[in-house]
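Biologist: Got the model open? I have a few quick things to check.
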Amino acid sequence: VSSRNLVYESLVLRARESPGGARILTLMTAEAGLVDAFVFGGPKSKLRSLASPYASGRAFVYLDPVKDYRKLSDFEARDSYPALRDELGKLWGAGLVAELLLKTAGGGGDFHLVLELALDCLSSLDAAAPGEYDRPLLVFCWRLVSLLGLGPDPSSCAACGAEIRAGAGAAYSFERELFLCPACASREVEAARYEQAGAYAMAGADGGRSSIVGADEDRAPFIGSRAARLVRLGPGALRWLEGASALPFAQAADAPLEATVLDSLKALVYGLVKRAADAPLQSFSRGAALS
Ligand SMILES: [Zn+2]
């Protein structure tokens, strides 16, 4: 068996120190998903500073098949997204992207698409105005869930089969993992109330059925109580989701969002991605201080 030199299109997700003091990088690669590689050289080595989190570019890796280890021999940096380090929110966003790729084994199997998606997200974060880090992350998470094969279909009601029209609104049930039309969502809420006819259900100010779900977006993201885990999605949110699937990344990430729509989408999309990762996400516990 001979040694081999491998070349990867890559994004540096993480750098950590081995017990022996060597640095180990985890790369997201288009060719092989997640790849770990050692980097030798002191703290002042050029390679070490080039290949650091979140640099993207071509990684040249030497593979020793006998010892089964990989060593980074060169890194042709394409972008390092310098503005990420200027703002806590953007840096948090890049950390979330990295954590999600690490915890989903590189985002499933379509590695080149996942890498492209991650690079698009970092470019948008890098270019975003101060404080505007949520929209690129929402597009990233929504598309990642879909690449993982876990994306729910917002175009029809999974309970009755009716087409979901953006103008009429809809809801997403985390309990049942599906989108519901306003009529089915209302039935769901009524059923939950009947089941738990306790304090919160009766105290709710939702009033008549017709106002429970619908075109009114000036409300909290969760219908009834947070515990019912039913996210309200008005016309703005549903149209945004359509765009997030269909538009070029930068355009989708630039689409304006009202604050209440943003709240609904965060509840939906971050909830979906947490479930997809199937493990606690440190980024969200750290990010609590940001939102
Ligand atoms: Zn329905």
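Biologist: Where is the place of Thr 104?
Modeller: Thr 104 is in the loop between helix 2 and helix 3 (111-127). Helices here are DSSP runs of H or I with at least four residues, strands are E runs of at least two, and both are numbered from the N terminus. Bear in mind that this is a predicted model: local features need pLDDT of at least 70, side-chain atom pairs count only at pLDDT 80 or more, and totals for chains, interfaces and linings use all residues. Residues are numbered from 1 along each chain as its sequence is written, and side-chain values use heavy atoms, with hydrogens and water left out.

Biologist: Does Thr 104 count as buried or exposed?
Modeller: Buried, because its relative accessibility is 10%. Buried means under 20% relative accessible area, exposed over 50%, partly exposed in between (1.4 Å probe, protein chains only).

Biologist: And what does Thr 104 touch?
Modeller: Leu 148, Ala 276 and Ala 277, not counting residues up to four places away in sequence. Contact means heavy atoms within 4.5 Å.

Biologist: Switching to the sheet. What is the order of the three strands in the open sheet?
Modeller: The order is 7-6-8, with antiparallel pairing. Two strands pair if DSSP finds at least two bridges between them. Strand 7 (178-180) and strand 8 (230-233) each have a single partner strand, so one side of each has no neighbour in the sheet. The twist averages 25 degrees from one strand to the next.

Biologist: How many bridges join strand 6 and strand 8?
Modeller: Four, with strand 6 covering residues 170-173. Ala 171 has Arg 232 of strand 8 as its bridge partner.

Biologist: Which strands does helix 5 touch?
Modeller: Helix 5 (residues 182-195) packs on the sheet and touches strand 6, strand 7 and strand 8. Its direction makes about 105 degrees with that of strand 7. Axes are lines fitted to C-alpha atoms, for helices over the stretch in contact, and angles run from 0 to 180 degrees between N-to-C directions. Helix 9 (residues 259-277) also lies across strand 6, strand 7 and strand 8, at about 135 degrees to strand 8.

Biologist: New topic. Which helix gives the most to the lining of the second largest pocket?
Modeller: Helix 2, with nine residues. Strand 1 (4-17) and helix 10 (282-287) each supply at least two.

Biologist: What is in that lining by class?
Modeller: 10 nonpolar, three polar and four charged residues. Ala, Val, Leu, Ile, Met, Phe, Trp, Tyr, Cys and Pro count as nonpolar, Asp, Glu, Lys and Arg as charged, and the others, Gly among them, as polar. A pocket is an open set of points on a 1 Å grid over the protein atoms alone, where a 1.4 Å probe fits, with protein on both sides within 12 Å along at least five of seven lines; lining residues have an atom within 4 Å of a point.
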